[in-house]
Amino acid sequence: MISLHQVSKTFVSSTNHFQAVNAVSLQVQEGEIHGIIGTSGAGKSTLLRLINLLEKPDSGSVIVGNQDLTQMSEKELREARRNIGMIFQGFNLVSNRTVSGNVSIPLELAGIPRRERVERVDEFLEFVGLEHKSKQYPSQLSGGEKQRVAIARALANRPKVLLCDEPTSSLDPNTTNGILGVLKRLNQNFGLTIVIVTHEMEVVRNMCHNVSVMELGSLVETSVVDQPHD
Ligand code: ADP
């Protein structure tokens, strides 16, 4: 489902060159939950953002589905990204839009007609258990609820892949378990392929099938997680 081949990324400023990701190759199968762990600054977030080309690689190829994203025009890339949802540690909700309004954003960008938008927003809010909060604003929600809205928004275009950047790092353990439960149900019910960056071993043990370890920009090891994840 995801295939990275020798992908590198260097950040360049007027004073500095910093190689954040160094010739990383990675395979993630369809329906897999793949963890990426490593110390802070190891390049995990950058690697995740390379999968949907939010960061453009300096070299190497990024294949998602059967499409080589590195060979695409901006227009083709915008289309391809609809198959790749993403959620973040900080939720990234739009504060002056309601819960429904936030989930609707990617559908509006994709030009989905209003009636279908309303149906899909309701469907995904129900999936994450927030249909009763649809008219509220982000400031009225708890952290766990905000992340559920972000998950519903990421799912709105029915992506095949969900990228998760430290999705539970700002949540307490109980809320974390709830969010991990939602992600596992997505994987089990719809076969969604999930890549999750985390520094919490608990997250890996709880839900990942395989895990890759990053160190100083390199991927040093990929292994099977043998704990039961359910
Ligand atoms: P991790 O997610 O493992 O903490 P990151 O991928 O966020 O690591 O960052 C890896 C390194 O790249 C860090 O040293 C960070 O400062 C640097 N970095 C990340 N993004 C940028 C950027 N946009 N410009 C310059 N340096 C960056």
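Author: In this predicted model, a residue is called buried under 20% relative accessible area, exposed over 50%, and partly exposed in between.

Reader: Why is E123 called partly exposed?

Author: E123 has a relative accessibility of 36%. That value is neither under 20% nor over 50%, so E123 falls in between and is partly exposed.

Reader: What makes R158 and E123 a salt bridge?

Author: The rule asks for a side-chain nitrogen of Lys or Arg within 4 Å of a carboxyl oxygen of Asp or Glu. The closest N and O atoms of R158 and E123 are 3.1 Å apart, so the pair meets the rule. R158, at 42% relative accessibility, counts as partly exposed.

Reader: How do you know that R158 and E123 link distant parts of the chain?

Author: R158 is in the loop between α5 (143-155) and β7, and E123 is in helix α4 (residues 114-127). The two residues are 35 residues apart.

Reader: What do R97 and E108 tie together?

Author: R97 forms a salt bridge with E108, with the closest N and O atoms at 3.0 Å. R97 belongs to the loop between β6 and α3, while E108 sits in helix α3, so the pair joins parts that are 11 residues apart in sequence. R97 has a relative accessible area of 27% and is partly exposed; E108, at 33%, is also in the partly exposed class.

Reader: How do you know that the side chains of E79 and R82 meet in a salt bridge?

Author: The N to O distance is 3.2 Å, and the limit is 4 Å, so the pair counts. E79 is partly exposed at 47% relative accessibility. R82 has a relative accessible area of 29%, which also makes R82 partly exposed. In the whole structure, the search finds 8 salt bridges.

Reader: How many salt bridges does the rule find across the interface of domain 1 and domain 2?

Author: The count across that interface is 0. The chain is divided into domain 1 (1-83 + 161-230) and domain 2 (95-158), and their C-alpha centres lie 23 Å apart. The contact involves 15 residues from domain 1 and 13 residues from domain 2.

Reader: What gives the area buried between domain 1 and domain 2?

Author: The area is about 1,100 Å², and carbon and sulfur atoms give 72% of it. On the domain 1 side, R82, I179 and V182 supply 42% of the area buried against domain 2, more than any other three residues. R82 is thus named twice here: in this area and in the salt bridge with E79.

Reader: Why do β6 and β10 stand at the edges of the sheet?

Author: The open sheet has 6 strands in the order β6-β7-β8-β3-β9-β10, with mixed pairing. β6 and β10 (218-224) each have a single partner strand, so one side of each has no neighbour in the sheet. From one strand to the next, the twist averages 15°.

Reader: What makes β3 and β9 a pair of strands?

Author: Two strands pair if at least two bridges are found between them. Strand β3 (residues 33-37) and strand β9 (residues 210-215) are joined by 4 bridges, so they pair, and they run parallel. One of the bridge partners in β9 is V213, which faces I37 in that role. Helix α1 (residues 44-51) packs on the sheet and touches β3, β6, β7 (161-165), β8 (193-197) and β9. The direction of helix α1 makes about 155° with that of β7.

Reader: Is F91 buried or exposed?

Author: The relative accessible area of F91 is 11%, which is under 20%, so F91 is buried. F91 is in the loop between β6 (84-88) and α3 (99-109), and has a positive phi of about 70° although it is not a glycine.

Reader: What makes N92 partly exposed?

Author: N92 has 43% relative accessibility, in between the two limits, so N92 is partly exposed. N92 is likewise in the loop between β6 and α3. Its phi is positive, about 55°, although N92 is not a glycine.

Reader: Why does S134 count as buried?

Author: S134 has 13% relative accessibility against a limit of 20%, so S134 is buried. S134 lies in the loop between α4 and α5. Leaving out residues up to four places away in sequence, S134 touches T98, V99, S100 and L125.

Definitions and conventions:
Residues are numbered from 1 along each chain as its sequence is written. This is a predicted model: local features need pLDDT of at least 70, side-chain atom pairs count only at pLDDT 80 or more; totals for chains, interfaces and linings use all residues. Side-chain values use heavy atoms; hydrogens and water are left out. Buried means under 20% relative accessible area, exposed over 50%, partly exposed in between (1.4 Å probe, protein chains only). Axes are lines fitted to C-alpha atoms, for helices over the stretch in contact, and angles run from 0 to 180 degrees between N-to-C directions. Contact means heavy atoms within 4.5 Å. Domain bounds come from an automatic or database domain assignment. Buried area is the accessible area (1.4 Å probe) that two parts lose on being put together, summed over both.
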